[in-house]
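Here is a quick tour of one chain, starting with a single residue and zooming out from there. Have the viewer open while you read.

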Amino acid sequence: MTARTVAVVSAGLSRPSSTRLLADQLAGASRDELVGRGETVELRPVELREHAHDIVNHLLTGFPSEALRQVLDQVTGADGLIAVTPIFNASYSGLFKSFFDLVDADALGGRPVLIGATGGTARHSLALEHALRPMFTHLRAVALPTAVFAAPEDWSAGTADGALRARIRRAGRELAEQVHRRPPSSGPADPFALTTSFDQLLPGGDG
């Protein structure tokens with residue numbers, strides 16, 4: 001059986017990071033739901049702080065390092081995506097946005113995405129709807145109905161409290177349902193793949 005893959009992108013800058021903690025809990029809930037549906041699951045965690053220099057270099061030069069290319073392929077080739085950012089100035093972090101600026105325009109088309117965010121106050125939760133959801137809509141991904149925000153008061157001794165835990169489970173269930181109902185991903189799109197045959201390019205060819 002082909003393992004279902006879920007890329008888990010977190011853009012926290014500190015260690016330990018509440019952003020990474022939320023991403024891990026969303027990933028665990030999604031994995032458990034998929035396993036319950038008879039799927040084999042491979043989680044692919046991506047911590048953007050580890051690739052910050054490569055992301056900036058790619059923006060400046062237009063070429064990714066080999067390590068960053070592998071990360072981009074992991075994200076665009078996964079069956080589902082979990083994307084979590086800290087909220088700065090009422091929006092996603094610059095690192096988070098810079099990474100997704102490097103994703104090819106159609107690479108996430110139709111892909112289910114579970115969005116999440118962390119911030120110092122629950123008032124920042126609106127950034128999920130006015131910043132993250134429109135960004136993934138622009139990338140033609142399918143942002144799931146339940147988005148998860150975690151403020152400091154949502155954690156109890158490093159674990160999600162009752163209300164946050166319920167939202168995490170609901171979001172994980174939604175992602176699992178979308179991944180389970182879709183055919184397995186064939187991997188990242190080949191940017192050099194021909195969409196037109198040589199016969200069609202020749203004079204008199206079809207089209």
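## A serine tucked away

S30 is buried, its relative accessible area being just 1%. Keep in mind that this is a predicted model, so the numbers here are computed from predicted coordinates. Where does S30 sit? It lies in helix 1. And what does S30 touch, once residues up to four places away in sequence are set aside? The list is I82, L114, G172, L175 and A176.

## The unit around helix 1

Helix 1 covers residues 18–36, and the chain runs through this helix on its way from strand 1 to strand 2. The resulting β-α-β crossover is right-handed. As for the two strands, they pair in the parallel sense, with 7 bridges between them. If you want one pair to click on, take T5, whose bridge partner in strand 2 is E42.

The elements of this unit, side by side:

| Element | Residues |
|---|---|
| Strand 1 | residues 4–10 |
| Helix 1 | residues 18–36 |
| Strand 2 | residues 41–47 |

## Zooming out

Now the whole chain. Its secondary structure adds up to 7 helices and 9 strands. Of the 207 residues, 44% are buried, and S30 is one of the buried residues. Take the contacts between residues at least 6 apart in sequence: 80% of them join residues at least 24 apart. On the outside, the chain exposes about 10600 Å², and carbon and sulfur atoms supply 53% of that area.

Technical notes
Residues are numbered from 1 along each chain as its sequence is written. This is a predicted model: local features need pLDDT of at least 70, side-chain atom pairs count only at pLDDT 80 or more; totals for chains, interfaces and linings use all residues. Side-chain values use heavy atoms; hydrogens and water are left out. Two strands pair if DSSP finds at least two bridges between them. Helices (H or I, at least four residues) and strands (E, at least two) are DSSP runs, numbered from the N terminus. A crossover is right-handed if, with the strands pointing away from the viewer, the path from the first strand over the helix to the second runs clockwise. Buried means under 20% relative accessible area, exposed over 50%, partly exposed in between (1.4 Å probe, protein chains only). Contact means heavy atoms within 4.5 Å. Accessible areas come from the Shrake-Rupley method with a 1.4 Å probe; for residues, only the protein chains shown count as cover.
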